[in-house]
Amino acid sequence: MRRSLFKDVYREIINTRGRFLGILAIVSLGVAFYTGLGATGFDMKITGDRYLTERRLMDIRVVGTYGLNDNDIKAIRAVPGVESLYPSYSMDAQTEYNGQTVNMKVHAYDPETGMNQPLPVNGALPYAAGDCVVEERFLRYFNLSVGDRVTLQSGKDSDIRNQLRNRTYEITGTVKSPLYISEERGASSIGRGETDFYMYIPQANFINSGVYTEAYILVEGVSGLMCFSDEYKDKVEAVADLIEDAGEIRAGERAREMTAAAYANLRASETALEENRAETRRLTDENAAALAEATGTITSSYTDITGSLTDIFMQEYALDQQLAQVTSSLVALRDAEALLDAQEQDLYAARREVMDNEPYLGAEFSVQMSDIDDGLAEISDGRFALSQNKKTLYESFNRLTEGKEQLYDALGSAYGGTGTLAGAGYGITEQTAELAAERARLLARLDAATEDLEKAREDLDDLDDPEWYVLDREGNPGYASYADDTDKITAIGRVFPLIFFLVAALVCLTSMTRLVEERRTEIGTLKSLGYSGGWIVLKYIVYAVLPTVIGGAAGGYIGMNLFPQLIIDAYSMLYSIPSPDTPMHNGLWAQGLLMGLAATGLAATVACVNELRENPSSLLRPKAPKAGKRNLIEFIPFVWMLLNFIQKVTVRNLLRYKKRLFMTVIGISGCTALLLTGYGVRDSIAGITDIQFGEVNHYNMSVTFADSAAGQDITRASDILEASPLYRRGLTARQKTMDASEADGGKVYQATVIIPETADDLEHFFTFRDRETHAEYTLNENGVIITEKLSRLLEIAPGDRMTLRDGDGPYVTVPVAAVMETYFLHYVYMTAETYQAVFGEAPEYNTIFSVVDDESAHETDALAAVLLDERGVSGVSFIKSMIGNFSDIISNLDFVVYVLIASAGALALVVLLNLTNININERVRELATIEVLGFYDSEVSAYIYRENAILTILGAGAGLLLGMSLHLYVIITVETDIMMFGREIKTASYLLSVALTFLFALAVNLMTANKLKKINMVEALKSAE
Amino acid sequence: MPYISLTDVRKTYRMGEVDVKALDGAEFFIEKGEFAIIAGPSGAGKSTVLNILGGMDTCDSGEITVDGSAVSKYSRRQLIAYRRHDIGFVFQFYNLMQNLTALENVELASQICKNPLNPRAVMADVGLAERMNNFPAQLSGGEQQRVSIARALAKNPKLLLCDEPTGALDYVTGKGILKLLQDTCREKKMTVVVITHNAAIAPMADRIIRFRNGRVSEMSVNAEPLPVERIEW
């Protein structure tokens, strides 16, 4: 029996291979999807895990706000559970090619580390100090190649050589870093605030001042665990918590270590400054004294000279007096001489008279004569005496004149002395002034230094305690989203195959029913021969199970090889992980197979059981053809009358074969649903960025300020912004992440509270509107406006109250005025007045939302760089770059859509092919009859295809409904807590799904057209039914 | 030239490894308006010749003319048109559309040809005026065969071809069907060809063609055909 059973099954399969292959195909599709999508999530995790384990990616990274010193490192090492630790460095830097500056994250490379080892892609790892390795796309971006050089700049005012020993590095190769498994590169402290590329340089380049920037840690006992598993996360988290505890202890110690040294330095500086100041004073005082002394000397010299001059003048006066006397004596002398001359003349005249009168006078004469001669003698004597006098006078005169000349000399030299002295005096005055100025300057400088020191002391006094950031792998850019994505694929992989299994069951049911009906006589014969029902059914069970097992095995094999490979390849645009492992997952395989078996086995049993219930004699009689029946529509004459003859026939036929109707409708609806889901998912995800950043948020740049930023910092940045030619408008606001919950507590979500300074111009920055009705709301004192996803998560509606808590602050309750459309993150908008009212203080603004002309990335980057240089500015972000990231994701969605189209096509193909074939086989007599009646080929085809077309339309309609639910399911599954995807599907997607469904149906009809032509009328009509 | 003539018609079927000569040079003719019976044992080629004559099958060689047209040279499409407009078929197992009422089965045929007869009138002619709206499953075998004949007649064909029309019917019912066919031939001047393995009914025909081994073994014309009622078998 066994042999003959299998022989029988084998022949049956060969004869009805189309049906057999149909079941096989649909089961293999179902199993392929189930195992393939299920395995993809697995494989991505396995591949990721293996890669990260191999590269020894740290489990925990500790970053200190002031770096980590040796004591910190020791403290971390001492934490239980820390298997190994490696302190390292990283820094932000910039490099520039052809005027384009990009932000680099520079990591230390040390082959000894044994952690975070970059995977070489091309070329060699760094060896010499001046070597570096970069990521492949850095080379592509700048069109560089291995061997070219990278020159780093600090991106700030300081010289990068304060931090690195070399400025220029030669690219020795390209690598993949396990720190970056996605395209995300994280934040940067410079430039526009985002990292563009990473690179590794030998660790020795980092100038160590006893402080590392970070420490990499491997946790004990987790290397064997799958790193995306909860077990791994729990273990790592436990150790991370311990490290955080250690960090809190170290915070105080480190603060003291740091401030102690700083305070000591400060005091030393202050002392040195004071000494300096004293020394300056002393030196300037000394100089001043010297100058004063010099001035004294000069003054006394001057006095002396002045005294001598007076003397000289007095002597001169005396001399002049004497000279005047001499001169007047000389004049008197000259007068006396003149008198003598006149007396002598008179005497001579008297003598001559006497002589002339001699005769006359005799004695008298002599007497007279002697008197006259005596007179003459006296005059001569007198003259002599006068000349003596004169001589003496002249001598005096000469002497006096000489004395005067000497005096003049003395006067000249005295005058010379005063000139010199005056010069000297002037010089000293100048020097004194200079000295004063110099002293003032030196003192001012010292005062400035003092001020700086005071500021430094204040800063030091105000210094935040150093803090550790203990980051697990999810802190790495892209790591968390990778894990999320794998989960999502797995989740979706649970749903889609259900459609295929359902259809497999249906296909199997119709195939088996037909087969059992065809073999009715045989079953009757076997039964009459005494075979038990079980044995008879076995053949059909085997017939159903065989394609299921073969299809399931093949489907699993293909699915697990194909899907992970394809999907991971597609994701590799987003994720930088090596090519995937696609091992067979036997568990999944078995699950898929069991589902397939359940579907087809059940269908086969159901199909047989009906026949077996009949007794052998009735089985041996041909089954009466299914009687025609009037259907409901015929009793509505109004409708029935409208149909022409052929339409009536079609309606009757459709309703006659209800099983087939349902199966086709379900199969086709599955096809349409898959298509609609594919397109819908794309619409939902692609659409939200356009809506979010086009219709809801209108600002395209935001400038954020550090907590420490003061009002004038914001004003200054705002002025710079407004001065930019790119600037259109701006809005100052406070942005703060707070804990949001229902008014009575319960679940807590992080929401960003936005408090605009003014509620006037808000419509230029935000549109508060309902997602469905687009009704707009105004932000006012009536309450806050919250975003939709938050309202869903918290289950609060307008009119309810909600609780907010800012950090450790008080819980405040606010009324919710409206719920607005938003897709990313959670926001709570409130007016400044509301804030003031509930928090009891005015908001401290820390953000400028602005609308700028962001056409040119070059210009916006430059603006960002300028702003980031400003004090207090902590970040500048552009919406455009966020949208850019999204377009990558969307290109991946296209791939998902293609996979869905392909599988929808396969589904439609199998269902319609199977159905049309069964339809034709079952109705071959009917078809032969109309052929005999002389229906043309096209009419015969139309006879069948009209029904197919109607079923396809019905199926497509049902598919749209099913697709909408499936789409919603996928969207809700794929969504994360902080995201909301669009719920709408575009009209074009509905149309496209239906059009493609019709196209698939048409293709199947074309494929079966030949079969209709080949119907052998003679054969078909020869025998009884 | 006779209305229907077959000249040296041959047809070989390939059954696996064996070639079966179904027709091996069959030759006969039938005049217009005759009631012809083709008789012979099973496997003699009766059905094959009828199928070929009705345009349901083609011959390998030979010539078939109907009303002056060479049917043997028809293309596939011409054959369909031939079946559509010129031929009415009646089968042993009726081959009614189960899903259509009796009248609708007739309409199915009348819908597609050039000069159809009124289906209701034809139904009345075959004696089914009362059963027009019944489905085949609700009719007896004889009634179903009458519907089948009505369907063939409604097309107003040149030829009515019947393949063992009474094969599945009891004696009385079969007789009724044969009478209907004979009356149709007489009253409507319809050319009727009936295949039977029952030689006993031969006397009712105008022309009797006997088949044996794919050939016509005898063709005779009956000058005095008997009405069916008078034949017993």
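The legends below describe close-up views of a predicted model.

**View 1. An open, four-stranded antiparallel sheet in chain A.** The strands lie in the order β2-β10-β1-β11 in chain A, and their pairing is antiparallel. At the edges of this sheet are β2 (82-88) and β11 (468-472) of chain A, each of which pairs on one side only. From one strand to the next, the twist averages 20°.

**View 2. The pairing of β1 with β11 in chain A.** Strand β1 of chain A, which covers residues 60-69, runs antiparallel to β11(A), and the two are joined over five bridges. Within this pairing, A:V62 has A:V470 of β11(A) as its bridge partner.

**View 3. Helices α3 and α5 of chain A packed on the sheet.** Helix α3 of chain A (residues 70-77) touches β1, β2 and β10 (211-219) of that chain, and its direction makes about 155° with that of β1(A). Helix α5 of chain A (residues 230-356) also packs on the sheet, where it touches β1, β2, β10 and β11 of chain A, and its direction makes about 165° with that of β11(A).

**View 4. The buried helix α1 of chain B.** Helix α1 of chain B spans residues 46-53, and because eight of its eight residues are buried, the helix is largely enclosed by the rest of the structure. A residue counts as buried here if 20 or more other C-beta atoms lie within 10 Å of its own. The buried residues of α1(B) include the charged-to-polar run written as B:K46, B:S47, B:T48 and, further along, B:N51, together with B:V49, B:L50, B:I52 and B:L53. After α1(B) comes B:G55, whose phi is positive, near 80°.

How values were computed
Residues numbered from 1 in each chain as written. Chains lettered and ligands numbered in written order. Predicted model: local features only at pLDDT ≥ 70, side-chain atom pairs only at ≥ 80, totals over all residues. Pairing = 2+ DSSP bridges. Axes fitted to C-alpha atoms, helices over the stretch in contact; angles between N-to-C directions. Contact = placed C-beta atoms within 7 Å. Buried ≥ 20, exposed ≤ 12 C-beta atoms within 10 Å, placed from the backbone.
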